[in-house]
Every structure is written in C-alpha cells, then in structure tokens.
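User: Please take a close look at one part of this model, the open sheet and what packs on it. I would like one connected account.

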Number of protein chains: 2
Amino acid sequence: MKENVKAYGAKDSKADLEPMTINRRDIQKDDVEIDITYCGVCHSDIHTVHNDWGNSVYPMIPGHEIVGRVVSVGDGVTDFKEGQLVGVGCMVDSCQTCSACKDDMEQFCENGATMTYGSKDKHMDDHTHGGYTTSIVVDKEFVLSIPENIDEKAAAPLLCAGITTYSPLKNWKVKKGDKVGVIGLGGLGHMGVKFANAMGAHVVMITTSPDKADDAERLGAHEVLISKDKDAMKKHQGSFDFILNTIPVGHKMDPYIALLKRDATMVLVGSVEPLDPFNGAGLIMGRKRVAGSLIGGIKETQEMLDFCGEHNIVSDVEMIDMKDINTAYKRVMDNDVKYRFVIDMASLKN
Amino acid sequence: MKENVKAYGAKDSKADLEPMTINRRDIQKDDVEIDITYCGVCHSDIHTVHNDWGNSVYPMIPGHEIVGRVVSVGDGVTDFKEGQLVGVGCMVDSCQTCSACKDDMEQFCENGATMTYGSKDKHMDDHTHGGYTTSIVVDKEFVLSIPENIDEKAAAPLLCAGITTYSPLKNWKVKKGDKVGVIGLGGLGHMGVKFANAMGAHVVMITTSPDKADDAERLGAHEVLISKDKDAMKKHQGSFDFILNTIPVGHKMDPYIALLKRDATMVLVGSVEPLDPFNGAGLIMGRKRVAGSLIGGIKETQEMLDFCGEHNIVSDVEMIDMKDINTAYKRVMDNDVKYRFVIDMASLKN
C-alpha cells in the first residue's frame with residue numbers, strides 16, 4: 001500500500017473539494033500502475049459529489065476520464081509497458097463471468113461493475129478513488145491504450161463523454177449518408193457531432209440556442225435545427241434516421257420523436273431523471289423507438305480510442321489547475337465550458 | 001352505385017348507433033364485392049364513434065374486422081373468386097407508391113392510407129363506411145384470404161386485434177424459448193398470448209387481476225404475473241426478452257421496463273394517450289427500448305391469417321345481433337367481454 005498520495009476530494013456532500021491524501025493499493029499480478037497526467041471533469045462527478053443519486057460514499061475522490069503513463073506492471077501483464085500512454089474510464093473491474101461481461105458489456109455486469117470511484121475495492125479495505133490524484137492502480141482488463149498521435153490532454157474526456165456518444169452511434173449502426181440528429185451541445189453533444197460526422201452521417205445539431213450554430217458547424221454539424229422554431233421542426237419532421245439525445249434533465253420528448261423516420265430510434269444518454277409524459281401515439285404511428293445507452297464496454301472503448309486515433313478526434317477542452325476545481329464545477333453547472341474541463345495533474349504534483 | 005344498403009351507424013358523436021342506409025360504390029376494375037357475414041367490435045370503433053380522437057366524420061358506419069364471402073369481382077381481379085372466404089381490416093386503400101407502401105407497410109402510407117371507415121373514398125363522392133353493414137366493395141390489394149379451416153365468425157377479430165399483436169411479435173423476432181410478457185388480458189392481450197404461445201415462447205400474462213389467471217392459462221400463458229405483487233415483480237426483474245404492452249390508457253411504465261432484459265424491447269400497441277413520466281435511467285441501465293407498433297401491412301396480415309390457419313388460431317368471441325350493438329359498446333367500456341364481440345350480420349339482413 002502506498003500512503004499519502006496527493007488528491008483532491010470531498011469529505012461530504014456539502015463540502016467544496018479540498019486537498020486530501022489517499023492510500024493506493026499495492027500492484028497485484030494483473031495490475032497496471034499509472035502516473036496520472038490529465039483527468040477530465042464530468043458532470044456526473046458533480047452529481048456524485050453532491051450525492052444527487054443517493055449512493056455516494058465519502059471521502060470521495062472523483063474523476064473517471066483519466067489519462068496517464070504506465071509506471072510499472074504486475075507479473076501477469078504483457079500488453080502494457082512502462083511509459084505507454086493509457087487511459088481509465090468509468091469502470092476499474094467487473095466479475096468477468098456473467099453474460100454481460102462475456103458479451104463485452106461490463107457496464108451492465110450482473111454482479112455489479114467496480115466503478116472508478118465509490119465502489120468497494122476488491123484488493124484493499126477501502127472504496128475506489130477516481131482520477132483527481134497523481135497515481136492509480138488498475139486491473140489490466142480495464143486499462144485502455146491511447147493512440148500516441150492524438151493530443152494527450154484532450155483525450156481524457158474520450159474515456160466517458162467519448163464512449164457514451166460513440167457506443168449508441170455504433171450500436172444503432174449509424175452509417176454514411178444517414179441523417180443523424182444530436183440534441184444538446186455540451187460535453188456529450190460536441191463529441192456526438194464529431195463522431196457522427198466521422199462516420200459519414202449528415203449531422204444536424206438540434207439546440208434551443210441559435211448562438212451555438214457557428215460552433216456546431218465548426219465541430220462538424222452540417223445543419224443546425226433550432227428546437228424552438230416550430231416551422232423548422234415541422235420541416236424536419238419524419239426525416240431522421242437516428243437521434244442522439246444528450247439533454248441532461250427531464251424534458252418534452254414528443255417534438256423530438258416526431259423528427260424520427262419510420263422505425264427509427266432516439267437514444268437517451270443524458271437524462272436519468274423522470275421524463276415528461278409523452279404520447280404513446282408518437283411511437284405507434286411510425287413504429288418508432290426510444291432507448292437508453294450507458295457508456296460502453298471495455299472492448300468498445302478501445303475501438304472508440306482507435307477510431308479517434310484514425311480520425312484524429314479529441315474533445316474540445318479548457319485546461320485548469322487542480323486548485324481551481326470548485327470554480328470549474330460552478331461553471332459546469334452554469335453550462336459555461338466549451339466543452340470539457342481537464343485538470344492538468346502536474347498542478348497537483350508540484 | 002348501390003343505394004339503400006342496410007347498415008348501423010352514428011349520426012353524431014353523442015348518438016347511440018341506429019339503423020341507417022348507405023350508398024355503396026359500383027364495382028371498379030380492381031374491386032372485390034363482399035357479402036359481409038360477420039364484423040368484430042373493436043374498442044377503437046367506440047373511440048371513433050365518440051370522436052375521442054377529434055377526427056371523426058358523420059354519419060359514421062364503424063367496423064374494421066370484416067369477414068364475408070366474395071359475391072363478384074372486377075375485370076382486373078384474378079386472385080379472388082365468387083364464394084371465397086375473405087376479410088377486410090383497418091385499411092381499404094393507400095397510395096401504393098410511397099416508400100412505406102413499397103415496404104409493405106401501408107399502415108404508414110406517407111400520403112395517408114384510406115381507412116375502412118371515415119376516409120375519403122377514391123371512387124365516389126362520400127367517405128368510406130365500415131363493416132356494420134351487409135355489403136362492401138374493396139380494392140383487391142386490400143382484401144385478405146381467410147383459411148377455410150378456421151371458424152369464420154371467430155376469424156373477424158384477427159383483422160385488427162390479430163394483426164396488431166402478431167406484427168410486433170414478428171417484427172421483434174420473438175422465437176422459441178423467448179420469455180415473452182403480455183400486459184393486459186383483453187381483446188388485444190388474449191390474441192398476444194395465443195400468438196406468442198404458437199411461436200414457441202414462454203408466455204407470461206402480466207395483469208392486475210388475479211381472477212384472470214385461469215383464463216390466461218387456458219389461452220396459452222405458461223405463467224401469470226400479478227403486477228400489483230411487488231415481490232413477484234422483483235423476482236421477474238430483468239428476465240423478459242420481449243414485452244407486448246396492450247394497456248389501452250396512460251400508465252406507469254417504470255415497473256414494466258424493469259422487467260426487461262438488457263437490450264430488450266417493450267412495444268406499446270394500446271396506449272395512444274400521454275404516458276406517465278418514466279425515468280430515463282430505466283432505459284439507460286441495460287440499454288432497453290420502448291417502441292410502438294400499429295396494426296400491420298397487408299402482406300403481413302395475410303401471413304398472420306395463414307399462420308392462424310396453420311395453428312388453428314382464432315379469437316375468443318361472444319356473438320351478438322346488430323340491434324344489440326349499443327349494449328355491447330357499454331360492456332366493452334366496462335371491460336366485460338371475453339374477449340371480442342362479433343356481430344352476426346344475418347341479424348341485419350333479415
């Protein structure tokens with residue numbers, strides 16, 4: 001066990017984040033030890049710090065968009081070597097035996113995946129701690145290889161925002177020429193636009209804010225549809241092959257369902273809250289579908305990272321020092337970031 | 001034009017059904033003239049008579065579960081001959097040229113299918129009239145062949161209740177060994193149980209009423225799950241490959257979504273009204289899907305009827321005379337029929 005590792009965390013749901021130290025487990029046979037260089041700030045970090053979902057454990061070190069370099073590996077590890085650029089996302093372990101794990105969907109592990117922070121650590125008497133720290137030890141099955149050609153610091157958000165948007169686009173087989181809508185231009189939405197564009201789709205950014213149009217087009221949207229413009233919404237009715245819905249709160253679904261073609265699907269990745277009532281008729285007329293999607297499995301996350309290497313895709317990021325995390329949290333809640341904060345972990349080490 | 005054809009209909013949304021006469025169009029080149037022997041009573045007949053959906057036209061002759069014998073055919077008709085047992089469902093025409101029609105899904109005709117009653121008739125200056133009458137003339141493309149080995153009068157409800165439940169089971173590829181839930185034991189639900197059973201599924205009737213258990217099992221359910229029993233609902237959580245939801249009104253969806261396996265779908269066929277709010281998290285955790293389905297295309301309706309012939313499937317019916325239609329409507333609204341009223345049209349002819 002390595003003691004007194006520098007970190008930033010919350011001692012309870014009311015507290016600001018503050019400097020802390022944590023104990024880090026010793027390297028096991030199948031473990032990879034990583035020196036963390038960058039960590040993204042996900043909206044769900046904030047929800048979890050505030051215990052919005054009622055299952056938080058403290059003291060809590062958030063962070064599940066982790067990038068770093070391999071420092072050492074256990075005896076059973078052959079796929080990673082010292083100095084390699086790697087990433088860790090939302091999960092650090094799972095049972096590896098249930099049907100979900102066998103189907104490469106560890107995020108739905110029937111015995112409960114070990115989340116990167118706040119889960120029971122299988123190898124020490126503590127809960128897991130996330131990436132707002134300088135060092136982490138993770139089972140090799142949950143370490144991702146990051147292509148060296150992409151910008152290391154801007155790769156961090158790929159580990160959550162990236163896979164959350166890539167996975168449904170792949171799972172629902174978005175292909176060249178498809179008309180794909182991405183609702184909401186934030187941390188998730190801006191990645192959805194980049195991926196759908198790279199997959200060859202005709203990408204329509206659907207947003208309430210006309211002032212986001214220019215940025216949406218810079219990111220890869222071919223059109224911008226203002227959802228408050230009833231005439232424009234009517235013009236696009238029944239025309240979308242797929243819609244990725246990144247709205248993070250409950251919202252009216254009927255206007256978006258009306259945009260779908262016959263047999264097409266809208267996938268929710270942002271809203272875990274109660275959705276406003278919507279009409280069954282909207283689904284029945286046109287045999288339409290509404291579905292959900294949660295991050296992605298490890299195999300698919302690696303596929304996403306390789307895709308990013310091939311297409312030179314990273315997140316648009318704003319760098320911060322660790323000490324500025326509380327200000328960053330406030331700005332995320334005010335929707336004032338383009339499009340993801342990433343912590344430069346050198347600022348914690350010094 | 002054939003004048004003074006006996007019928008039963010409503011003169012406005014407040015009126016009881018009463019004897020009327022209608023004009024029936026002359027037989028066109030591609031038409032089939034049918035002597036109606038039986039017509040089922042669908043819950044949507046009642047909604048339409050009452051103008052619950054705001055698009056009704058009067059005087060209205062309802063009825064879209066029509067069975068009868070061919071009397072004569074136009075010069076362009078070779079597939080039907082005098083005396084043949086045939087059926088007509090919810091549609092009597094469509095554009096035949098749009099992508100939905102070309103995909104054999106006339107129910108989603110982009111130019112608007114001609115419904116069996118209340119749509120503009122393309123061949124005369126009148127709106128279409130349904131099956132509560134003695135005679136109907138229908139384009140050959142919308143006439144179905146009914147296998148002679150099944151009970152003619154009990155075949156009538158197949159034309160709407162049958163295809164409405166068969167189509168989603170086929171479209172979502174229900175197969176031998178799948179665990180299939182059917183929510184609600186009424187006109188739609190009892191057909192869903194019979195079809196899912198005939199497709200080799202393990203069928204679970206999901207109902208609020210313990211007193212429906214025996215009947216559900218007689219119809220082909222292997223298990224009955226009482227949705228008010230929280231322990232039982234928990235036991236079945238995450239175990240269904242497919243759920244057919246026939247509830248005809250808005251309702252809580254979360255408890256049923258929780259029953260689905262990872263990647264599984266619940267299809268709504270009954271509820272066109274606003275659904276109660278449900279949690280996005282229920283779909284996100286397990287990548288689950290909610291969809292809608294509307295009757296089925298003509299090709300699929302014929303496939304369903306052939307399936308019924310092969311498996312000897314018909315509806316459970318209670319026969320009524322035409323004059324008793326208003327009492328029957330009241331009993332349908334009170335959920336007091338096992339499971340479909342069928343009008344013996346001889347009672348109108350005499």
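Analyst: What follows describes the sheet, then the helices on it, then the side chains around them.

The model is predicted. Its open sheet has 12 strands with mixed pairing. The order begins E12(A)-E11(A)-E10(A)-E13(A)-E14(A)-E15(A) and continues through E15(B)-E14(B)-E13(B)-E10(B)-E11(B)-E12(B). At the edges are strand E12 (223-226) of chain A and strand E12 (223-226) of chain B, each of which pairs on one side only. On average, neighbouring strands are turned by 20° against each other, with direction ignored.

One end of the sheet can be followed in chain B. Strand E11 (residues 202-207) of chain B runs parallel to E12(B), and 4 bridges join the two. Within this pairing, B:Ile206 has B:Leu225 as its bridge partner. Helix H5 (residues 187-198) of chain B packs on the sheet, where it touches E10, E11 and E13 of chain B. The direction of helix H5 makes about 165° with that of E11(B).

Helix H4 (residues 161-171) of chain B lies across strands from both chains: strand E15 (289-292) of chain A, and strand E10 (179-183), strand E13 (240-245) and strand E14 (260-268) of chain B. Helix H4 runs at about 155° to E13(B).

The two helices are also linked by their side chains. B:Tyr166 and B:Phe195 form an edge-to-face aromatic pair, 5.3 Å centre to centre with 70° between the planes. Because B:Tyr166 lies in helix H4 of chain B and B:Phe195 in helix H5 of chain B, the pair ties together parts that are 29 residues apart in sequence. B:Tyr166 counts as buried at 1% relative accessibility, and B:Phe195 counts as buried at 0%. In chain A, ring pairs link A:Tyr166, A:Phe195 and A:Phe307 into a cluster. Over all chains, the count comes to 9 aromatic pairs.

Lysine side chains also meet rings. The charged end of A:Lys179 sits over the ring of A:Phe240, 4.6 Å from its centre. In chain B, B:Lys179 lies over the face of B:Phe240, at 4.6 Å from the ring centre.

The relation between the chains completes the picture. Chain A is superposed on chain B by a rotation of 180° with 0.0 Å of shift along its axis, at an RMSD of 0.0 Å. The two copies are therefore related as by a two-fold rotation axis. Of the residues of chain A, A:Pro277 comes closest to the rotation axis, with its C-alpha at 2.3 Å. Both copies use the same surface: 100% of the contact residues of chain A recur in chain B.

Terms used:
Residues numbered from 1 in each chain as written. Chains lettered and ligands numbered in written order. Predicted model: local features only at pLDDT ≥ 70, side-chain atom pairs only at ≥ 80, totals over all residues. Heavy atoms only, no water. Pairing = 2+ DSSP bridges. Axes fitted to C-alpha atoms, helices over the stretch in contact; angles between N-to-C directions. Contact = heavy atoms within 4.5 Å. Least-squares fit on C-alpha atoms with pLDDT ≥ 70 in both. Phe/Tyr/Trp six-rings, centres within 6.5 Å; stacked < 30°, edge-to-face > 60°. Buried < 20%, exposed > 50% of the residue type's maximum accessible area, 1.4 Å probe, protein only. Lys NZ or Arg CZ within 6 Å of the ring centre and 35° of its normal.
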